[in-house]
Amino acid sequence: MATCPPHPCPSGPVAGAPTAGPLRHAHWWQRAWVRYGALTTLLAISGLVILALVREETGTEGFLVGLGLATLPVPLLIAAFRWLDRVEPGPWRNLLFCFAWGACAAALIAIVANSFATRWIATATADPSGADMLGATVIAPVVEETAKAAAVLLVFLFRRRDFTGILDGVVTAGVTATGFAFTENILYLGTAFGTDQLTGGTGIASVTAATFFVRIIMSPFAHPLFTVLTGIGFGISALAADRQHVRRVAFPLSGLLLAMGLHAMWNGSSAFGEYGFFAVYGAFMVPLFGLLTWLVIWTRQRELKTVRTELPAYAVAGWLSPVEPYALGSMRARRIARQYARRHAGRAAAREVAQYEAYATSLAFLRHRGRRGRAGADFVVRERELLDELWRRREAARPALDYAARITAPPVPVAAPPWPVYGAYGYGCPTTPTTPTTPYPAYNPYQS
């Protein structure tokens with residue numbers, strides 16, 4: 001039973017109380033600021049090196065043109081992935097790390113490894129054209145997808161609380177690949193501009209215009225689409241129980257292999273003839289993009305259903321008001337609640353409501369994993385933390401969610417819900433949530 005006293009206990013030892021022994025201090029390399037500093041330094045150095053390499057390849061003018069054109073799809077792609085992650089939005093620092101890793105570290109690894117491997121093959125076989133084709137269809141997909149997958153693996157291992165399902169894998173992988181494509185597009189567009197400068201190409205017939213059309217207009221989602229397959233593998237692994245070791249390893253590896261295969265097919269499309277690119281684009285890329293779009297939207301609807309299913313137990317225990325599970329399980333109700341808070345109490349209150357929604361969603365997912373035997377050893381501690389976060393924000397969130405529930409409740413009941421809500425379901429229910437008699441209501445997470 002998850003209970004706690006009305007006032008939180010001090011985190012340190014109580015004066016006069018016996019201690020179990022000397023406190024163990026973490027080694028210097030285990031401290032958070034050391035790890036953050038090392039990672040930031042690594043990404044900064046990678047960024048400077050990749051900047052120098054791309055500028056040397058394209059020239060200053062070509063670099064600036066490539067940078068300007070390559071930036072255009074980035075806000076749209078980031079916004080799309082953020083939109084998919086609205087049910088349980090992860091912290092921005094994770095997305096910033098993923099984008100920086102893709103744009104700096106992964107791009108640097110790819111440029112160095114691809115160049116070295118292609119030159120080695122050309123020297124060993126004395127066939128430069130064959131080496132280029134082999135490098136594009138075999139070496140590049142393996143190197144690039146592995147480099148991008150490293151960011152997903154790092155978030156999966158070290159930000160485990162933020163990585164709980166398929167959507168988290170999709171967003172993490174997609175943002176990483178967006179960063180990688182950003183740097184790659186600078187290189188390709190800058191090189192194309194340099195070619196036009198030498199040949200005098202201008203307008204629609206220029207190499208720059210053709211490159212822009214293919215990479216920015218037709219296929220801005222190509223790299224994200226490849227790497228999302230790896231992210232889905234990690235997302236399925238996150239849903240597995242700790243004891244399911246084969247599943248936890250097999251699905252990420254399978255996703256990575258699929259990403260490499262699709263990437264190889266995309267890079268090798270020119271070998272299929274004059275219209276090979278368009279054939280692969282129409283036969284594989286567009287249908288797969290539609291399939292993955294359906295998958296992530298379906299997954300998001302399942303997550304909302306989980307919120308509506310799991311949170312009523314906390315409403316019965318007094319942690320939530322009776323109408324909150326319904327409101328928190330509807331994206332429209334969530335949006336209305338934030339708008340109501342902003343209109344009546346300002347932006348700070350709207351942020352409180354948004355945080356309340358995010359913590360409530362995390363709580364629902366935690367309970368869902370616990371009921372299925374997939375929760376970690378820190379289940380009770382994590383549940384307590386989330387409940388406390390909700391309790392501290394209830395004054396701002398409850399009026400807004402109460403209003404949103406009344407606005408969005410369906411007028412005609414389809415089936416009797418397991419908890420009271422407004423609308424046709426809510427006749428006879430109180431108009432204000434019942435406040436528990438104790439500051440922290442006791443709750444057994446497995447009572448139904």
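This report walks through the pockets, cavities, salt bridges and nonpolar cores of one protein model.

The model is predicted, so local features need pLDDT of at least 70 and side-chain atom pairs count only at pLDDT 80 or more, while totals for chains, interfaces and linings use all residues. Residues are numbered from 1 along each chain as its sequence is written, and side-chain values use heavy atoms, with hydrogens and water left out.

## Pockets

Let's start with the open spaces. A pocket here is an open set of points on a 1 Å grid over the protein atoms alone, with protein on both sides within 12 Å along at least five of seven lines; a cavity is a set of points where a 1.4 Å probe fits but cannot get out, and lining residues have an atom within 4 Å of a point. Grid points are joined across faces, edges and corners, and a volume is the space filled by probe spheres set on the points.

Which residues lie nearest the centre of the largest pocket? They are Glu-144, Glu-184, Leu-187, Tyr-188 and Arg-215, out of 40 lining residues. The pocket has a volume of about 1300 Å³. Helices are DSSP runs of H or I with at least four residues, numbered from the N terminus. Several of them share in this lining: α1 (32-71), α3 (92-125), α4 (128-158), α5 (166-199), α6 (207-218), α7 (222-239) and α8 (245-267) each supply at least two residues. The top contributor is α5, with eight residues.

The second largest pocket holds about 790 Å³ of space. Its lining has 29 residues, and Glu-88, Pro-89, Gly-90, Pro-91 and Ala-358 lie nearest the centre. Here α3, α12 (331-345), α13 (347-371) and α14 (379-392) each give at least two residues, and α13 gives the most, with six.

## The largest cavity

Now for the enclosed spaces. There are three cavities of 30 Å³ or more, and the largest has about 100 Å³ of space. Among the residues lining the largest cavity are Asp-85, Asn-94, Cys-98, Asp-168 and Thr-172. Two elements, α3 and α5, give two or more residues to this lining.

The table sorts the three linings by class: Ala, Val, Leu, Ile, Met, Phe, Trp, Tyr, Cys and Pro count as nonpolar, Asp, Glu, Lys and Arg as charged, and the others, Gly among them, as polar.

| Lining | Nonpolar | Polar | Charged |
|---|---|---|---|
| Largest pocket | 17 residues | 15 residues | eight residues |
| Second largest pocket | 10 residues | four residues | 15 residues |
| Largest cavity | five residues | three residues | three residues |

## Salt bridges

A salt bridge is a side-chain nitrogen of Lys or Arg within 4 Å of a carboxyl oxygen of Asp or Glu. The whole structure has 13 salt bridges.

One of them joins Glu-385 and Arg-161, whose closest N and O atoms are 3.1 Å apart. Glu-385 sits in helix α14 and Arg-161 in the loop between α4 and α5, so this pair ties together parts that are 224 residues apart in sequence. To describe exposure, buried means under 20% relative accessible area, exposed over 50%, and partly exposed in between (1.4 Å probe, protein chains only). Glu-385 is partly exposed at 32%, and Arg-161 is partly exposed at 42%. Together with Arg-382, Glu-385 and Arg-161 form a network of salt bridges.

Other pairs sit within a single helix. In α14, Glu-389 and Arg-392 are three residues apart, about one helical turn, and their closest N and O atoms are 2.9 Å apart. Buried or exposed? Glu-389 is buried at 18%, whereas Arg-392 is exposed at 54%. In α15 (residues 394-408), Arg-406 and Asp-402 are four residues apart, again about one helical turn. Their salt bridge spans 3.3 Å from N to O. Arg-406 is partly exposed at 44%, and Asp-402 is buried at 10%.

## Nonpolar cores

In soluble globular proteins, nonpolar side chains tend to be buried together. A nonpolar core is a set of buried Ala, Val, Leu, Ile, Met, Phe, Trp, Tyr and Cys residues joined through side-chain atoms within 4.5 Å.

The largest core has 59 residues, of which Val-170, Ile-232, Trp-266 and Met-285 touch the most other members. Leaving aside neighbours within four places in sequence, Trp-266 is in contact (heavy atoms within 4.5 Å) with residues including Phe-226, Phe-277, Tyr-281 and Met-285. A second, separate core of 37 residues includes Met-331, Ala-337, Ala-349 and Trp-391.
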